[in-house]
Amino acid sequence: MGAGARRLGQLLPLCFLSIATAAVISDDSLWSAVLREPDCQIVRDECTVLGSNSLHIGSDSDLQVASCLVQLGGARRASLPPACQQLVWSRLPGLLTPEKLSVAAAPHCPRTLLSTCERSSSAHTAAFLGCLISDNDESNSPDCRSFVQKLEWVAFSDFRLISPLVRHCESDVQALSCGRLSKDNAALLSQGETLACLQNHIERLDVECKKEVLHLSELQSDDVKFDRQLYLSCATDQLRFCPDLTPGSGVIYKCLMLHKSDRTMSKPCQEQLSRRQKLIAQDYKVSRGLSRACKEDIRSYRCRRGVSDDKDIRLAQILMCLEAVLKNNSKLSSECQAEMIDHRKMLMEDFRLSPEIMHDCSDDISKFCSPIEIGGKTIHCLMEHARPKKKKDMRIQPICQRALENLVKQTDAGEDWRVDPVLRQACKPVVDTACKEIVGGEGRVMSCLIEKLGSTFMTDECETAVIQIQYFVARDFKLDPQLYRACKSDAMNFCHAKHGWTDVSGQMDPERGPLILPCLYRYAYRRDMQLKPFCLQEIRRVMRQRAISVDLQPEIEETCLDDLAMFCFDKTAKGEEMSCLQTNLESLVDKCRVAVTNFTEAQAGHVELNPVIMKSCHNVMEKFCPTVFRNGKDEGEVMECLITYKNDPGVRSDVKCRAAIEHFQLISLKNYHFTYKFKEACRSYVMRFCPQAKTKSEVIYCLSETVRNDTIDGNRHSIPKDCRQQLRTQLFQQKENIDYDPRLSSACKTDLKKYCPNIEHGASQALECLQNIRGKLSSPCQYALFTVKKQELTDNSVDYNLITTCNSMITLFCHDTNLVKVLDCLKIHKEETTFDEKCKLVVVHRMIDQNSDYRFNPTLQSSCKPDIKKFCSTIIANEPQDKELQGKVIGCLKNKFRESKLSSSCEQQVATVLREQALNYHLDPLLSTMCHAEIETICKPSDNSDTNADGEVEECLKQAFLHRKIASEECRTEVAALIGEARADIQADPLLQRACAVDLLKWCNHLEHGNGRHIKCLQMVLTDENKDLEDECKSQLTKRMEMFKSAAVLIVPEDFQDLYDQVVTSPAKKYFLVVFFTFVGMTFIAGLFCGRVTRRAKYMKRK
């Protein structure tokens, strides 16, 4: 049926005659009969008054008479004598046969039009009339259009003229009680009200009756006056809402329907419009605008495929077909697209227009959404109760959810936000402010609204409506127009998606999220099988937008329902639900844990998937990470950048951003896969060296031990450079906050509360606090802290406090030094006048740590490995492996240094240690411990800071030792050892070395350090009459020689070898040799004497 017929289908006929038993039709014309009938004088008079005095017997005179009668009005027609009424009633059915219509139209309409309609009518009046009205819309003949208009008025004066409605609908009229009585109470039907009643029950009619009702409805669509009930009910509303439109035209339908949801529209008018919309939903041709605007497109794209022309087609089927055309990059006329939008709005406004929802959701509507409301509110109510997070007894049935899915797809609600009245009303203010620059269409405005969720622009009402729609869009990748267009081919190639936007059969089969979208997600970042660039871009957009809520991630929501209810019931802000699931990762059920783990792994590599960080840290990323943030190729770089700068003053002041970063750092501790670059660089080596490691901290500990052992043993690294670099990065971050090291934070939990209660955990402050009071800590904490210090001092690049505090000094003095060994460089320059005091303090603390255990000094440990094994193995064997040795091994090496038994490489390292200790007693743990009381009472320095390196305390202790002021035996022993070390190498006595610097250059420059060579050289110069020393050097050397003698007496040899070494190296060795040989001589003489006495005694006995 043509567009004009469909336009007529929106109107009901004008009632002026009652339906009765048909009479036999005379061959004479109606006008001739009227002229002959005396009782029809009034008709002749009235028609002459109306301007029909030119009526004459001819081909179209009967049509003019009928038109005149219609114009008389109901009251005037009712006043006609019964005989005249019967005459007109009996003659009218034969007036509009196809043959008579063709003859009557011949003078007015083109022959081609009449031929077309004659072929398509098949002797059916309604078909011929519909064709004539429809194709007349395309005619350029004003005369033809005028003729057809008269024809329309006559046709709708009596349905018997164009349709066998009465015959086909008799049983339905009785069953549905659609009969209406006339004024004289005869059992006669009033056409308009009866048809309206049948239309209201369109879904319950028999097939033939439904066909006839829809056919009449199509013909009514041409003029609102043809639908008498609607025309009368909406008369006032028409004047208010459509004042500038021609009264009675078909455009009035469209205008009224656009204002149907207006609260000021009268209820009777709304009800009549709903009746018309239900008819349109049943048969798209009832909509004159859609059928006319899309006629060629429907024909071109075969949207009526498999359906004959005389069959009605649901509006949903036509919309789905035309939407598929657009989705497949084909073109539709702009007029057709505009009509499609209007009809999609119509379906979303009133759930009653969808038979599936009326049937499948009736119980749910009564239960959850009563009282029933139009304007889309009931549909959104059902959507709200479709979300799985609702309790089971508060969720709609699956069959109702499928009906909603079908409706969303039919209306393509994800493509244009305006088709949903609730969304349109709630979000218009947001669109006008936040999305005003966005060009409408293809889901762009909807995408903008999703981007603004959680922002200051968004309102609660708009956010709720957007989430309700997106819940369904997220479950079918086809409903996101930008995504579908970009990824259609990839979805078919990789994920077995269907070829068409809809099935050929027209059946809905929503491809929900768990099928297509997660598949595309998996391929989005695979290096071996890349998606097309424009598809990848859209996938990333969708992933970013849907990360704001688990509602939009069906693969997570559907597997985590119970966990969300248990752990995250109070988390409602943007991204909070996902953060909650990540926080409780270990407690989630297996399937949920896998889904959350996979998503978190994606988040780690692409910060855009983390809505909390994207919202809180956007300005920070723009300022500190502009390059990696804007290039769109984030693979962990943005998160790494944020972590790097999070303690910058510009970021520290942004509390929310810093909290978001630190939260993700804590989450990343649960699995090393949550740190993208670390995972990519070290995955295979974790599997090889650390198969039992479960958490990220365990992986870090395992790999760092492997790297450290390779370094100490001098072996080729088992872990490649890329992984080692990432490992350093993770260790560095771990040292920034004690909470990032679960082993340490757990072991020291009690100690932190006791000794560092008000210390911030970040910026390495809590860790420094523990290290400064390590002597007071519990054993578990000491053991855990030992591992941390070993990591920091083995690889200085992971020492957060050192690197950050000394950043400027590293740049100034050590810019060419590898950060792994930067402490050695800083130690050399720490006495520079421009050296930063805070950095100096950190360096000294690290030196103190190094001297407390040889394992904290990798250079010393490597150089002295054979010597330690040879001389100090007993100490190591008797001490716990993971506890500091309090300088015992270094003390052992110092003893052997005095005895000149160390290898040259080890001797050099020990000399360095002694030189540092000689200027700062804090660096000698044994001395500072054993002589603590003496330092406090006898040698308390004016500057007792850890950085004081003037040697004042050491010199005071030496003088106190010389003058026998030290009461403690342990302290005297340590001071004696200190003096003995200086005798073995002048570098261990910086004050003497400084006083004798000139003489050393003058007399001893040719000698190597060690083995007491420089001291002996100076002693020889002192006794040589031909050589002179500087006065200061002579004074200091004389005092040292006295100290050497006193110290030599106190130092007790541990074995005969030690005794021999002490005698040989002693300045009084000649004295010891004289005493020794005197003792031996006297023993010999005594032996001789005793021998002679013994022999004489034996002789006397025998005698």
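The paragraphs below go through this predicted model from its overall make-up to selected side chains.

Because the model is predicted, local features are reported only at pLDDT of at least 70 and side-chain atom pairs only at pLDDT 80 or more, while totals for chains, interfaces and linings use all residues. Residues are numbered from 1 along each chain as its sequence is written, and side-chain values use heavy atoms, with hydrogens and water left out.

The protein chain has 67 helices and 0 strands; helices (H or I, at least four residues) and strands (E, at least two) are DSSP runs, numbered from the N terminus. Of its 1103 residues, 53% count as buried. Buried means under 20% relative accessible area, exposed means over 50%, and partly exposed lies in between (1.4 Å probe, protein chains only). A contact is a pair of heavy atoms within 4.5 Å. Among contacts in the protein chain between residues at least 6 apart in sequence, 66% join residues at least 24 apart.

Confidence is given as pLDDT, the predictor's confidence in each residue, from 0 to 100. The protein chain averages a pLDDT of 80, and 82% of the residues score at least 70. Among the elements of the chain, helix H1 (residues 3-7) has the lowest mean pLDDT, 36, and H50 the highest, 93. Residues 1-27 have a pLDDT below 50, yet this stretch has 150 contacts in the model beyond near neighbours in sequence. Residues 181-189 also stay under 50, and for them the model has 14 contacts beyond four places in sequence.

Charged side chains come next. Side chains of opposite charge can pair when their charged atoms come close. The structure holds 59 salt bridges, a salt bridge being a side-chain nitrogen of Lys or Arg within 4 Å of a carboxyl oxygen of Asp or Glu. One of them joins the side chains of Glu 451 and Arg 544 at 2.3 Å, N to O. Glu 451 lies in helix H27 (residues 444-451) and Arg 544 in helix H31 (residues 533-546), so this pair ties together parts that are 93 residues apart in sequence. Glu 451 is partly exposed at 32% relative accessible area, and Arg 544 is partly exposed at 23%.

A salt bridge between loops is formed by Lys 670 and Glu 586, at 3.0 Å from N to O. Lys 670 sits in the loop between helix H41 (655-668) and helix H42 (676-689), and Glu 586 in the loop between helix H34 (576-583) and helix H35 (590-605), so parts 84 residues apart in sequence are tied together. Glu 586 is exposed, with a relative accessible area of 52%. Lys 888 and Glu 879 also meet in a salt bridge, at 2.9 Å from N to O, and Lys 888 is partly exposed at 37%. Elsewhere, salt bridges that share partners join Lys 646, Arg 652, Arg 658, Glu 662, Glu 736 and Glu 760 into one network.

Lys 790, in helix H48 (residues 779-794), is buried but has no salt bridge. The nearest side chain of opposite charge is that of Glu 705, 4.0 Å away (Lys and Arg count as positive and Asp and Glu as negative; His and the chain ends are not counted). Leaving out residues up to four places away in sequence, Lys 790 touches Glu 705, Arg 708, Arg 855 and Phe 856.

Aromatic rings are the next topic. The structure holds 7 aromatic pairs. Rings of Phe, Tyr and Trp (its six-membered ring) pair if their centres lie within 6.5 Å; planes under 30 degrees apart count as stacked, over 60 as edge-to-face and the rest as tilted. Phe 477 and Tyr 484 form a tilted pair, 5.5 Å centre to centre with 55 degrees between the planes. Phe 477 is buried at 1% relative accessible area and Tyr 484 is buried at 0%. The ring centres of Phe 813 and Phe 835 are 5.8 Å apart and their planes are at 25 degrees, so that pair is stacked. Phe 813 lies in helix H50 (residues 807-813) and Phe 835 in the loop between helix H51 (822-829) and helix H52 (837-852), so the pair ties together parts 22 residues apart in sequence.

Finally, two loop residues have unusual backbone angles for a non-glycine: Ser 900 has a positive phi of about 55 degrees although it is not a glycine, and Arg 964 has a positive phi of about 55 degrees. Ser 900 is in the loop between helix H56 (888-898) and helix H57 (904-919), and Arg 964 in the loop between helix H60 (952-962) and helix H61 (969-984).
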